[in-house]
Amino acid sequence: MNLREYLAENKKIINAKLGEYLEIRFPEIIWEAMRYSVLADGKRIRPILLLEAARVCGADAEVALPTACALEMVHCYSLIHDDLPCMDNDDFRRGNPTNHKVFGEGMAVLAGDALLSFAPQIIIKKTPDCVDKAVLLRVLNEFYTSIGPVGMVGGQVADIQSENKEIDISTFTYIHTHKTGELFKFALMAGGLLGGADEKTLNALVDYGKFLGYAFQIADDILDIEGDLKTLGKTPHKDLDSNKNTHPKLFGLDNSKIELNALCEKAKNVLKLNNILSEAFDAIADSIVNSIRNKE
């Protein structure tokens, strides 16, 4: 398949719906701040994975689109807060000045808060009535679990607490699987649930998401060393300069690349073993590996 065209087509659909959901209203400044970060030129990889999971399970994309957009909103909330001076203190995101550089720190905090609270309303209000309410409730429960203290926020907390410290492998794994991996896992689980997947298929999709999410974070760690502002859309060498516990720091750059490749192969194999056929899933896994190879 042509992955570039597939991603572009899905991004167009997602971006149009995000723009619709985030229409400007009063007070205008908060909606402008929300739109500034959400509508920036991101990869949209998490919502695209969610839509593809729904498709492979037999559902129309429209059924899953509200949840996909809510996922992207929450991802953007995490980026806004992550870039703040009290967190990673970054000046650029997705190739543009970070939210707090444009709107100020106070408004950036509120923009993140607004996205966090607005996203679940989109799931509740915009998901078509054909979706069983028990399924919708499970999706919402998984949504809140993935972004909260036992999910993404928990990973972020452990990451902050581990700065400038030597940590064990279990703590490092917890950080990666929660700070980054939880949203990938949710994307595959939510898509599967909305697509009517049975538990066996759902578990396989979640395993794919876990492998892919970990690989995505390792790739991000590698590109922090080997990438540039144009490639990353954010300031390179931030993790290196901040002495963060990254995969290359703990395991070495070459071993990180080997592990990245292995995880992407595991992701593809778990789908194959469970007869989940998706050229897009395979191509996305390959693209993560290629993002590193292209820098060699």
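## Exercises: cavities, packing and odd backbone spots

This predicted model holds two cavities of 30 Å³ or more. Let's work through them, then turn to the helices and the backbone.

### Exercise 1: the largest cavity

Find out how much space lies in the largest cavity, and which residues and elements line it.

**Solution.**
- Start with the volume: about 120 Å³ of space lies in the largest cavity.
- Next, the lining. There are 13 residues, and those closest to the cavity centre are Tyr-36, Ser-37, Ala-40, Arg-93 and Asn-99.
- Now go by element. Helix H2 (28-38), helix H4 (61-82) and strand S2 (96-97) each give two or more residues to this lining. H4 gives the most, with three residues.
- Sort the lining by class and you get six nonpolar, four polar and three charged residues.

### Exercise 2: the second largest cavity

Work out which residues line the second largest cavity, and how they divide by class.

**Solution.**
- Its volume first: the second largest cavity comes to about 50 Å³.
- List the lining: Asp-82, Met-87, Asp-88, Gln-156, Asp-159, Ile-160, Glu-163, Lys-179 and Lys-244.
- Helix H8 (residues 152-161) supplies the largest share, three residues.
- By class, the lining has six charged residues, two nonpolar and one polar.

### Exercise 3: H4 against H9

Decide whether H4 runs roughly parallel or antiparallel to H9, and pick out the residues that make the contact.

**Solution.**
- Take the axes of H4 and helix H9 (residues 169-194): they come within 10 Å and cross at roughly 170°.
- Angles over 145 degrees count as roughly antiparallel, so H4 is roughly antiparallel to H9.
- On the H4 side, the contact uses Val-63, Ala-64, Thr-67, Leu-71, His-75 and Asp-82. H9 answers with Lys-179, Leu-183, Phe-186, Ala-187, Ala-190 and Leu-194.
- Count by class: eight of these contact residues are nonpolar, two are polar and two are charged.
- Spot two familiar names: Asp-82 and Lys-179 are in this contact, and both also line the second largest cavity.

### Exercise 4: H1 against H4

Now do the packing of H1 with H4: get the angle, then the residues that meet.

**Solution.**
- H1 and H4 pack at about 75°, with axes 10 Å apart.
- The range for roughly perpendicular is 65 to 115 degrees, so that's what H1 is to H4.
- From H1 come Ile-13, Ile-14, Lys-17, Leu-18 and Tyr-21, which meet Leu-65, Pro-66, Cys-69, Glu-72 and Met-73 in H4.
- The class count for this contact is eight nonpolar, two charged and no polar residues.

### Exercise 5: an aromatic pair

Of the seven aromatic pairs in the structure, take Trp-31 with Phe-118 and classify its geometry.

**Solution.**
- The ring centres sit 5.4 Å apart, with 85° between the planes.
- Planes over 60 degrees apart count as edge-to-face, and that is the label for Trp-31 and Phe-118.
- Place the partners: Trp-31 is in helix H2 and Phe-118 in helix H6 (residues 105-126). They are 87 residues apart, so the pair links distant parts of the chain.

### Exercise 6: two backbone oddities

Locate the cis peptide bond, and find where Arg-44, with its positive phi, lies.

**Solution.**
- Recall the background: most residues other than glycine have a negative phi, and most peptide bonds are trans.
- The cis bond joins Phe-26 and Pro-27, with omega about -5°. Pro-27 is in the loop between helix H1 (3-21) and H2.
- Arg-44 isn't a glycine, yet its phi is positive, about 60°. Look for Arg-44 in the loop between H2 and helix H3 (45-56).

Note on methods
Residues numbered from 1 in each chain as written. Predicted model: local features only at pLDDT ≥ 70, side-chain atom pairs only at ≥ 80, totals over all residues. Heavy atoms only, no water. 1 Å grid on protein atoms, 1.4 Å probe; cavity = no way out; pocket = protein on both sides within 12 Å on 5 of 7 lines; lining within 4 Å. Points joined across faces, edges and corners; volume = space filled by probe spheres on them. Helix = DSSP H or I, 4+ residues; strand = E, 2+ residues; numbered from the N terminus. Nonpolar A, V, L, I, M, F, W, Y, C, P; charged D, E, K, R; others polar. Axes fitted to C-alpha atoms, helices over the stretch in contact; angles between N-to-C directions. Parallel < 35°, antiparallel > 145°, perpendicular 65-115°, else oblique. Contact = heavy atoms within 4.5 Å. Phe/Tyr/Trp six-rings, centres within 6.5 Å; stacked < 30°, edge-to-face > 60°.
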